[in-house]
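Work through the following exercises with the structure open beside you, and try each task before reading its solution.

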Amino acid sequence: MSWARWRDSSFNVHFGAQLAPFSSLEPTRRSSTMAKKSQSPRHKPVVKLTEELKTSEKVEFMPTFLLGAAFAVLLVAVPFFSGILWMCKDVPVSPVLPCPQIVSKKESKKRGILGFLKQKQSTPNEVELELKVPDPKDSVCRLVWGFFSGGNQDAGPPMTCIPDEKESTPRRPSPELVEKYKSAYTPEKFEVSSAHSQLIVTLGERTRSFVPDWDERSDKVMWGGTGWPWRAPKRQPNSDATDLEKLDGGSLYFSYLRIMQWPQSLFSHFPFKLCSKGCNSEVAVAHTLEFREKYQPWMFSPTVKKENEKGFVFFHGFSESMKEGENGSHGIVWIRPGLRTKIDDVAQTRAYVNSLERAVAESLIRSNGRVGKFNVVMDGSGFSMGLTPSIHQVKVFVTMLQDHFPDKLGMILIANLGRVGDIVVRMFLPLISEEVRNKIIVLPKEPGERQRILNAVVGYENSPTWLGGVDTYQFNSDDYYSDAQFLFSDEEAKAYIETMPYHA
């Protein structure tokens with residue numbers, strides 16, 4: 001059999017069914033089709049029909065392939081997502097990650113040979129810190145919840161992270177950090193030597209003799225206006241009373257005598273400007289009583305509220321207590337000079353003093369009269385030369401702070417100090433004592449290291465989002481100055497300039 005005849009017979013056997021429809025065509029169309037066949041080579045119809053067959057086979061194959069692929073995906077996806085859901089059943093639904101935790105490297109070291117060798121190599125009392133990253137399982141689960149929620153959850157204030165629910169109670173700083181930044185903490189109870197107790201009693205007696213109507217006048221100048229007695233009267237003795245509480249005016253006189261370095265003769269050079277040539281210690285106490293009567297630091301005026309409309313200075317929150325189980329801790333004063341609405345430098349000074357007064361009063365209330373101090377955090381972001389106060393008002397503020405808030409400052413942290421801020425700080429430093437200068441820390445620019453110090457001094461929950469922390473508090477001037485009993489006119493706010501020219 002020749003090749004051509006074999007090819008034609010094979011073609012008829014395999015493709016006859018596909019050619020059957022052509023047999024029913026009308027004579028005219030059949031003749032036309034045959035005419036076209038005669039005009040072209042004989043192998044062309046075979047190629048065309050082969051291509052049509054391949055296409056039809058692909059069309060029939062595609063649904064089968066897709067069904068198989070979908071089944072394979074389901075076989076993998078169902079166990080995978082079931083495992084994810086089971087793993088994440090205890091993780092809260094949240095689109096953001098938990099915040100990193102600050103821990104001592106000593107606390108995070110693992111046991112075993114390697115950990116033992118590292119312990120052997122470390123030096124005693126060495127303070128090492130590292131970031132403890134969030135739990136990987138929690139991080140993955142939160143990302144999964146965030147993906148499936150589609151970002152439709154109600155958006156609150158901007159947050160870099162959220163606190164871990166397991167860490168609902170404040171995390172205490174390590175003993176190493178407390179020691180390193182010890183001026184940021186004050187214990188509720190501490191012993192007072194018999195020699196110091198005697199000096200306190202003597203100063204109290206001399207103050208009563210020096211100031212007419214001491215009890216009546218001092219009772220009218222409470223911390224915060226109505227917060228806590230300024231003169232710290234003696235309490236009824238009991239087993240829980242501290243050494244200072246057993247003395248009339250104990251904590252008040254203690255503050256002055258500590259700044260004076262406990263002069264046995266009760267003769268010192270404090271306040272530094274008033275007593276530059278030296279004076280009796282009771283003069284300092286009487287000087288502050290006069291200031292509180294005439295300046296009234298708990299009061300604010302309409303211009304003060306306008307100056308502080310955006311919150312360039314405010315009291316908010318408390319640092320950690322020095323010992324676990326105590327309530328005594330420093331109030332926190334936040335200063336953001338770049339947010340000042342500049343109107344009047346005198347009003348700006350009162351805004352500063354008013355917030356310091358609040359912090360002391362609230363710290364005393366919180367500690368039942370045993371602490372009464374504040375820490376300061378200053379953020380120099382946005383500060384410009386146009387917002388700089390006059391040198392005279394800077395001196396007035398520093399004098400008020402040193403003379404009338406003795407031993408009330410814990411620590412000052414400064415962040416984002418620009419060129420203008422650096423100039424102001426250099427102008428400020430020569431005006432303060434060496435002891436206060438030693439309490440100032442310029443925070444590093446590296447975010448992790450800065451956050452470590454902030455968390456240690458002001459506490460993890462109090463570190464604000466605008467410094468990389470988690471606290472979303474937003475200052476509102478109407479709420480901050482809502483108590484009308486502490487509002488007086490701008491004229492009354494400046495009356496001290498005439499009645500107490502020492503601070504004019």
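**Exercise 1.** In this predicted model, determine in which hand α8 passes α11, and classify how α8 is oriented to α11.

Solution. Begin by locating the two elements, helix α8 at residues 194–210 and helix α11 at residues 281–295, which pack with their axes 9 Å apart and at an angle of about 60 degrees. An angle that is neither under 35 degrees, nor over 145, nor from 65 to 115 counts as oblique, and α8 is therefore oblique to α11. As for the hand, α8 passes α11 in a right-handed crossing.

**Exercise 2.** Find where Gln296 and Trp262 lie, and decide for each what its phi and its accessibility show.

Solution. Take Gln296 first, which lies in the loop between α11 and α12, the latter spanning 302–307. Its phi is near 50 degrees, a positive value in a residue other than glycine. With a relative accessibility of 25%, Gln296 counts as partly exposed, because the limits for that class are 20% and 50%. Turn next to Trp262, which is found in the loop between α10 (250–259) and β3. Trp262, although not a glycine, has a positive phi of about 50 degrees. Its relative accessibility is 14%, so Trp262 counts as buried, the cut-off being under 20%.

**Exercise 3.** Identify which kind of peptide bond joins Phe270 and Pro271, and place Pro271 among the secondary-structure elements.

Solution. Read omega for the bond between Phe270 and Pro271, which is about 0 degrees, and the bond is accordingly a cis peptide bond. Then follow the chain on either side: Pro271 lies in the loop that runs between β3 (267–268) and β4 (279–280).

**Exercise 4.** Which residues make the nonpolar surface patch of about 330 Å², and is Leu75 buried or exposed?

Solution. The patch is made by Phe71, Leu75 and Val76. Of these residues, Leu75 lies in helix α3, which covers residues 44–87. The relative accessible area of Leu75 is 53%, and since exposed means over 50%, Leu75 is exposed.

**Exercise 5.** Establish where Cys141 is placed, whether it is buried or exposed, and what distance separates its C-alpha atom from that of Ile84.

Solution. Cys141 has its place in helix α6, residues 136–149. Its relative accessible area is 0%, so Cys141 is buried. Finally, compare sequence with space: Cys141 and Ile84 are 57 residues apart along the chain, while their C-alpha atoms are separated by 7.7 Å.

Conventions:
Residues numbered from 1 in each chain as written. Predicted model: local features only at pLDDT ≥ 70, side-chain atom pairs only at ≥ 80, totals over all residues. Heavy atoms only, no water. Patch = residues over 30% accessible without salt bridge, like charges linked within 9 Å, V, L, I, M, F, W, Y side chains within 5 Å. Areas by Shrake-Rupley, 256 points an atom, 1.4 Å probe, with all protein chains shown as cover. Salt bridge = Lys/Arg side-chain N within 4 Å of Asp/Glu carboxyl O. Helix = DSSP H or I, 4+ residues; strand = E, 2+ residues; numbered from the N terminus. Buried < 20%, exposed > 50% of the residue type's maximum accessible area, 1.4 Å probe, protein only. Axes fitted to C-alpha atoms, helices over the stretch in contact; angles between N-to-C directions. Left-handed = near helix turned anticlockwise from the far one by under 90°.
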